Amino acid sequence: MLAILVAYYRNATFAGWLDRLADFKQRHGLTFVITTGILAGAVLPELFLIFFFQKGKLHRQNFRNLAFTVPTWAIDAVLVDFMYRANMIWFGTVVTVPVLFAKICVDQLGYNPFFAAPAEVLVYEWKNDGFPWDSVKRLFSWSHYRDKIVPTLLATWAMWVPLMAIIYALPYPLQFPLFSLALTFWVLLLTYMTNRFAEKVQADAPIALAVAD
């Protein structure tokens, strides 16, 4: 991601390629956002699971996973793109340290702790528990937030704060495409963490086993 940022501002040819991608994103709007969110958040993680941990064999569970992840990450993609648009409207498009700091604060200290992290943990817990309403009720307790959301937020900040500094340093039309590059790896990490929360894997289990589960 850092190499992409540096290349964009230092190499005119590379910048031209990304500008064409930005133009494509602008012309296709929500269609681009939803399609990219599904590919990065649902399809690629499932293909990763199939080819690396299932020896290329399709299981019925893969289709059940997709039935859950496709709408989940399509909705998330729309919300993320909306947040990027809101930050652009609120703080402008000039790349300065104060503007980057403000956008990151809205993203990581507003959107994530009050909505994104609780919602993502909720939907994955809901799936792991068999979709009971008790999972929804637990979301509103402090103990659940402390034990499940706070660890998720720590992982979120460790991964996304430096990435958001890079993403917000690019023009608005390129921010979502760059976000989608990292989304696949975040989904794999989130799946592992929520499987741990559901005690589907042990604390010292390798990530490969956790994802395969």
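Two residues are in contact when heavy atoms of one lie within 4.5 Å of heavy atoms of the other. In this predicted model, T69 makes such contacts with A42 and Y124, leaving out residues up to four places away in sequence. T69 belongs to helix α3. With a relative accessible area of 8%, T69 is below the 20% limit and therefore counts as buried.

**Overall fold**

The protein chain has eight helices and zero strands. Its pattern along the sequence is accordingly α-α-α-α-α-α-α-α. The chain has 213 residues, of which 46% count as buried. Among contacts with a separation of 6 or more, 67% join residues 24 or more positions apart. The accessible surface comes to about 11400 Å², and carbon and sulfur atoms account for 70% of that area.

**The nonpolar core**

The largest nonpolar core holds 40 residues. Within this core, Y84, W160, F176, F179 and W186 touch the most other members. At least two core residues come from each of α1 (2-10), α2 (12-53), α3 (60-91), α4 (97-128), α6 (142-167) and α7 (172-197). The contribution of α7 is the greatest, at 11 residues.

What does F179 touch, not counting residues up to four places away in sequence? The partners of F179 are D76, V80, Y84, W160 and I167. Two of these partners, Y84 and W160, are also named among the core residues that touch the most other members.

**Packing of α2 against α3**

At what angle do the axes of α2 and α3 cross? The crossing angle is roughly 145°, and the two axes come within 8 Å. The crossing is right-handed.

On the α2 side, the contact is made by K25, L30, V33, I34, G37, I38, G41, A42, V43, E46, L49 and I50. On the α3 side, the residues are N62, N65, L66, T69, V70, W73, A74, A77, V78 and D81. By class, the residues of this contact divide into 14 nonpolar, five polar and three charged. T69, described at the start, is part of this contact, and A42, one of its partners, is listed on the α2 side.

**Buried hydroxyl-bearing positions in α7 and α3**

T184 lies in helix α7, as does S180. Is T184 buried or exposed? T184 is buried, because its relative accessible area of 9% is under 20%. The same limit applies to S180, which at 11% relative accessibility also counts as buried.

The table sets these two residues beside T69, with neighbours within four places in sequence left out of the contacts.

| Residue | Helix | Relative accessible area | Contacts |
|---|---|---|---|
| T69 | α3 | 8% | A42, Y124 |
| S180 | α7 | 11% | T36, A40 |
| T184 | α7 | 9% | A40, L44, P45 |

A40 is a contact of S180 and also of T184. The C-alpha atoms of T184 and E46 are 9.5 Å apart, although 138 residues separate the two along the chain. For S180 and I38, the C-alpha separation is 9.6 Å across 142 residues of sequence. Both E46 and I38 are listed in the contact of α2 with α3.

Notes: Residues numbered from 1 in each chain as written. Predicted model: local features only at pLDDT ≥ 70, side-chain atom pairs only at ≥ 80, totals over all residues. Heavy atoms only, no water. Helix = DSSP H or I, 4+ residues; strand = E, 2+ residues; numbered from the N terminus. Buried < 20%, exposed > 50% of the residue type's maximum accessible area, 1.4 Å probe, protein only. Areas by Shrake-Rupley, 256 points an atom, 1.4 Å probe, with all protein chains shown as cover. Core = buried A, V, L, I, M, F, W, Y, C linked by side-chain atoms within 4.5 Å. Axes fitted to C-alpha atoms, helices over the stretch in contact; angles between N-to-C directions. Left-handed = near helix turned anticlockwise from the far one by under 90°. Nonpolar A, V, L, I, M, F, W, Y, C, P; charged D, E, K, R; others polar.
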